[in-house]
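Student: I would like a close look at a single part of this model, taken slowly and with its surroundings kept in view. Could you start from one pairing between strands and work outwards from there?

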Amino acid sequence: MKLLYLMLLCAMPAPAAAACMFTSNVTPFQADAPALVDNAQIPAPEIEIASLTRGIGGGATCDALGFLSVQLKWPRGSDYSLDEIGFEYRLVSGQAPEGLLPAVVVASPVSGRKAEHQFTWQDVPTSQQRPVHLELEVRAVTRDRQRGAPARVRIDSPGG
């Protein structure tokens, strides 16, 4: 009987095997207060590298994903360490692909004073891609919802 169940299980289609298994490394940042309060004493993060890679729409399961990577460094002398804060991303100018920017404050794994935020979105086929020109604002957010000074980063990518 167990062999019959195993054979039936193997004969069933496996949609999960066809899905892209890549996930972003960011998670929602848990805070203790509902509203954000600006605090100029909290420094802006230093943006080291920001890169955007468009989906190519090929036959592999992850080919349709676009990727945005933002590598940042936390400034020395802050009252907070990097593992005690999250980051808010806001579109300042341009039009971001749908699903690119998180709607919540996010955190990611930390390595000393550095962190990398990796965002993914379902990109359109290359024949429909338009150039992406964005300016983003990135701010640190503490657990008690104090929001620091902004850092700005430009993202430019040609269309398909």
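Tutor: Let us begin with Leu 68, whose bridge partner in S8 is Phe 119. The model is a predicted one, and what follows should be read with that in mind. The bridge between these two residues belongs to a longer contact, since strand S4, residues 65-73, is joined to S8 by nine bridges, the two strands running antiparallel. Both strands sit within an open sheet of four strands, in which the order is S3-S4-S8-S7 and the pairing is antiparallel. The edges of that sheet are taken by strand S3 (46-53) and strand S7 (110-111), and because each of these has a single partner strand, one side of each is left without a neighbour in the sheet.

From the sheet we can turn to the aromatic side chains, of which a search of the whole structure finds two pairs. In one of them, the ring centres of Trp 74 and Phe 87 are 6.2 Å apart and the ring planes stand at 75°; an angle over 60 degrees counts as edge-to-face, so this pair is classed as edge-to-face. Trp 74 is placed in the loop between S4 and strand S5 (85-93), whereas Phe 87 is in strand S5 itself, so the contact ties together parts that are 13 residues apart in sequence. As for their surroundings, Trp 74 has a relative accessible area of 3% and Phe 87 one of 2%, and since buried means under 20%, Trp 74 is buried and Phe 87 is buried.

The other pair brings us back to the residue with which we began, for Phe 119 forms an edge-to-face pair with Tyr 89, with 4.9 Å from centre to centre and 80° between the planes. Here the link is between distant parts of the chain, as Tyr 89 lies in strand S5 and Phe 119 in strand S8, 30 residues apart. Tyr 89 and Phe 119 are both buried. Phe 119 therefore has two roles in this picture, as the bridge partner of Leu 68 and as a ring paired with Tyr 89.

Strand S8 also takes part in the largest pocket, where S8 (114-122) and strand S9 (132-142) are the elements that give two or more residues to the lining. That pocket holds about 250 Å³ of space and is lined by 15 residues, with Arg 54, Gln 95, Ala 96, Pro 97 and Val 132 lying nearest its centre. By character, the lining divides into six nonpolar, five polar and four charged residues.

Definitions and conventions
Residues numbered from 1 in each chain as written. Predicted model: local features only at pLDDT ≥ 70, side-chain atom pairs only at ≥ 80, totals over all residues. Heavy atoms only, no water. 1 Å grid on protein atoms, 1.4 Å probe; cavity = no way out; pocket = protein on both sides within 12 Å on 5 of 7 lines; lining within 4 Å. Points joined across faces, edges and corners; volume = space filled by probe spheres on them. Nonpolar A, V, L, I, M, F, W, Y, C, P; charged D, E, K, R; others polar. Pairing = 2+ DSSP bridges. Phe/Tyr/Trp six-rings, centres within 6.5 Å; stacked < 30°, edge-to-face > 60°. Buried < 20%, exposed > 50% of the residue type's maximum accessible area, 1.4 Å probe, protein only.
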